[in-house]
Amino acid sequence: MLSIIAGMWRSDIAIDLGTANTLVYVKGEGIVLEEPSVVAYEVRDGRRKIIAVGEEAKSMLGRTPDGIEAIRPLRDGVIADFAVAEEMIKFFFRRVNSPWTLAKPRVVVCVPHGSTPVERKAIREAVLSAGARRTGLISEPIAAAIGSGIDIGDARGSMVVDIGGGTTDIAIIALGGVINATSIRTAGNRMDEVVTEYIRDNHDLIIGAETAEKVKNVLGAAMRPVDGQGAGLGVRGRDRVRGIPKEVKVYRNQVADALSEPVNRICDSVSSVLQSARPMLSNDISDTGIVLTGGGAKLPEIDAVLRKRTNLPVATADDPLRCVAKGTGQALELGPNLSHIVDYSN
């Protein structure tokens, strides 16, 4: 999942620019904007013209006529389409920018821990091209930890698992830095994909991304329900064989079975990071436990599954979806006190 801190003439801002959603935090005001990270554009004479961004563009996914496309310009927490990402960043800058603002913003981008130098360079260049005066990078698990209330300066180790849209960042943090960490490209988007695949393979029904997300949000769980089946939901899509509209009933136990693959992958990665930790840090985490952040932390029972797999205390942060935005916002408010966690080098 990407996060941005921008400084302007009247007010600095922080933007959590994620694969699924973008949140904007204004200094002294808090989070003032939350929109899907989706852009729709029209192709004219071989050139692309942006026609919608955010919620309006998301409503167009899977419904656009010839000549119009709706896409997510970020994939797996990093930029997949440079030009469209740049236009999206410009759009969100304008949404929170007063018309009399004169100075170019100072920008800090929160990047997945495992992003490559090439991906980091692309992020810097996109933000600078969008109008930033200066850009720096901050590690996503650090921002998530700050936003969840973890004291990152504490000598005792803490562990944060940030399940975003494109990536899950898992880190052990102490003394203001990341000690052990990994970033995997299994998160909320992959959960939507496995729901789509399960319904296609088991019900011969083709559904869109928006429907898959709804099924996950309504029926999703990391464990099968105790009654064996759980609640049901009517799901509409296109018959895989006949090609006509069809509706099937899907149940919570089926969605839990579908989600077992990404849930197990996240649990395995958490175990791997714990196994690589130094003994003293392992002792610390036995006391401090694991904190879950990100939209994926809202999946019912995922804390219970992790608790069972690790035998450690596991807690979900308050308002997990907004932890990264809040964390970068707090870094913005504190300014020089947290300057050591931002990398401005090229």
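Start with aspartate 162 and the company this residue keeps: in this predicted model, and setting aside neighbours within four places in sequence, aspartate 162 is in contact with Glu140, Ala144, Thr167, Thr168, Asp169, Thr293, Gly294 and Val324. If you want to find the residue on the chain, look in strand S12, which covers residues 158-163.

So what does a buried aspartate 162 do for a salt bridge? It goes without: aspartate 162 is buried and has no salt bridge, and the nearest side chain of opposite charge, lysine 298, sits 12 Å away. For a salt bridge the cut-off is 4 Å between a side-chain nitrogen of Lys or Arg and a carboxyl oxygen of Asp or Glu. There is a polar partner on the backbone, though: the aspartate 162 side chain reaches the backbone nitrogen of glycine 294 at 3.3 Å. Glycine 294 also turns up in the contact list above, as Gly294.

Now move along to a sheet earlier in the numbering. Three strands make up an open sheet here, in the order S6-S5-S7, and the pairing is antiparallel. Why is one side of S6 and of S7 left without a neighbour in the sheet? Strand S6 (47-53) and strand S7 (68-71) are at the edges and have a single partner strand each, so one side of each stays unpaired in the sheet. From one strand to the next, the twist averages 30 degrees.

Zoom in on the pairing of S5 with S7. Strand S5 (residues 39-44) runs antiparallel to S7, and four bridges join the two. One handy landmark is tyrosine 41, whose bridge partner in S7 is glutamate 69. Packed on this sheet is helix H2 (residues 82-96), which touches S5, S6 and S7 and points at about 40 degrees to the direction of S6.

The other sheet to look at is also an open one of three strands, with antiparallel pairing and the order S15-S16-S17. Its edge strands are S15 (205-206) and S17 (245-251), each of which pairs on one side only. Strand S16 (residues 232-239) and S17 run antiparallel and are joined by seven bridges. Among the residues involved, arginine 236 has glutamate 247 as its bridge partner in S17.

Two helices go with this sheet. Helix H6 (residues 209-219) packs on it, touching S16 and S17, and its direction makes about 165 degrees with that of S16. Helix H5 (residues 188-203), meanwhile, lies across S15, S16 and S17, running at about 110 degrees to S17.

Technical notes
Residues are numbered from 1 along each chain as its sequence is written. This is a predicted model: local features need pLDDT of at least 70, side-chain atom pairs count only at pLDDT 80 or more; totals for chains, interfaces and linings use all residues. Side-chain values use heavy atoms; hydrogens and water are left out. Two strands pair if DSSP finds at least two bridges between them. Contact means heavy atoms within 4.5 Å. Axes are lines fitted to C-alpha atoms, for helices over the stretch in contact, and angles run from 0 to 180 degrees between N-to-C directions. Buried means under 20% relative accessible area, exposed over 50%, partly exposed in between (1.4 Å probe, protein chains only). Lys and Arg count as positive and Asp and Glu as negative; His and the chain ends are not counted. A polar contact is a pair of N or O atoms within 3.5 Å; within protein, one must be able to donate a hydrogen and the other to accept it, and residues adjacent in sequence count only if both atoms are side-chain atoms.
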